[in-house]
Amino acid sequence: MTKNCFLNDSKNFLALIALFFSSCVFAQQNDMQPEMENQFWRNVQFGGGIGLGFGSGYTDISLAPSAIYNFNEYVALGVGAQYKYLKQKNYYASHLYGGSVIGLFNPIPEIQLSAELEQLRVNVNLDGSNTNSQDYWNTGLFIGAGYRSGNATIGGRYNVLTDKNNIYGSAFMPFIRVYF
């Protein structure tokens with residue numbers, strides 16, 4: 001009987017040891033999923049524009065960085081900043097700066113529709129003097145459409161808020177938009 005009792009105790013002890021080691025093995029198992037990488041920056045694209053124009057006594061320098069967030073393959077929303085320096089010798093010098101909000105919609109991959117609200121501060125010094133100057137805000141609301149191929153879009157946009165005091169020569173403007 002002692003031998004039987006010893007065998008039962010040994011079996012129970014071995015079962016207890018096996019259970020202990022198996023629980024240790026399972027304790028080392030990682031049931032938690034790895035933390036999801038921040039998806040926000042994967043959906044952000046940067047772009048913008050740089051412009052230089054020189055002529056007979058004329059200078060035009062512009063810098064306009066922007067960024068968009070792609071919510072999905074159809075819709076993106078972004079912000080931009082803009083600075084522009086214009087000068088016509090012996091006539092005027094102007095600084096324009098401000099920001100914009102842009103919404104993009106791609107009903108099909110090749111077509112991009114856009115709406116952009118732009119607010120610019122305009123500082124104009126006429127005749128090159130500081131005494132004859134104008135400072136004002138200019139607001140533009142552009143509705144546009146373009147052909148899209150990869151990260152680049154070429155198209156046109158129209159300022160629906162244009163008036164006789166508009167800072168642009170025309171309400172219609174062609175554009176090339178590139179985001180990386």
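In strand S7, Ile-154 is the bridge partner of Tyr-147. That pair belongs to a predicted model, in which local features need pLDDT of at least 70, side-chain atom pairs count only at pLDDT 80 or more, and totals for chains, interfaces and linings use all residues. Residues are numbered from 1 along each chain as its sequence is written, and side-chain values use heavy atoms, with hydrogens and water left out.

Strand S6 (residues 133–149) and S7 (residues 152–159) run antiparallel and are joined by eight bridges; two strands count as paired if DSSP finds at least two bridges between them. The two form a hairpin with two residues between them, and Gly-150 in the turn has a positive phi of about 65°.

Stepping back to the whole chain, the protein has one helix and eight strands. Both kinds of element are DSSP runs numbered from the N terminus, helices being H or I with at least four residues and strands E with at least two. From the N terminus on, the order is α-β-β-β-β-β-β-β-β. Among contacts (heavy atoms within 4.5 Å) between residues at least 6 apart in sequence, 44% join residues at least 24 apart.

On its other side, so to speak, S6 meets S5, and these two pair in the antiparallel sense over 15 bridges. Here Ser-114 stands opposite Gly-144 in S6, while Gln-112 stands opposite Gly-146. S4 and S5 also pair in the antiparallel sense, again over 15 bridges. Gly-99 faces Gln-119 of S5 as its opposite number, and a hairpin of two residues joins S4 to S5.

Now for the inside. Of the 180 residues, 26% count as buried, with buried meaning under 20% relative accessible area, exposed over 50%, and partly exposed in between (1.4 Å probe, protein chains only). The largest nonpolar core has nine residues: Leu-86, Tyr-92, Leu-96, Leu-120, Val-122, Val-124, Phe-142, Tyr-168 and Met-173. S4 and S5 each supply at least two residues of this core, and the largest share, three residues, comes from S5. A second core lies apart from this one, with five residues, among them Ile-68, Ile-102, Leu-104 and Tyr-179. A core here is a set of buried Ala, Val, Leu, Ile, Met, Phe, Trp, Tyr and Cys residues joined through side-chain atoms within 4.5 Å. Leaving aside residues up to four places away in sequence, Val-122 touches Ser-94, His-95, Leu-96, Gln-134, Asp-135, Tyr-136, Asn-138 and Ile-167.

On the outside, the accessible surface comes to about 12700 Å², and 62% of it belongs to carbon and sulfur atoms; areas come from the Shrake-Rupley method with a 1.4 Å probe, and for residues only the protein chains shown count as cover. A nonpolar patch on the surface takes in Phe-71, Tyr-74, Val-75, Leu-77, Val-79, Val-101, Phe-105, Ile-108, Ile-111, Leu-113 and Leu-117, with about 940 Å² of accessible area together. Strands S3 (75–88), S4 (92–108) and S5 (111–126) each supply at least two of the patch residues. Phe-71 lies in the loop between S2 (58–70) and S3, and counts as exposed because its relative accessibility is 52%. Patches are made of residues with over 30% relative accessible area and no salt bridge, with like charges joined within 9 Å and nonpolar side chains (Val, Leu, Ile, Met, Phe, Trp, Tyr) within 5 Å; a salt bridge is a side-chain nitrogen of Lys or Arg within 4 Å of a carboxyl oxygen of Asp or Glu.
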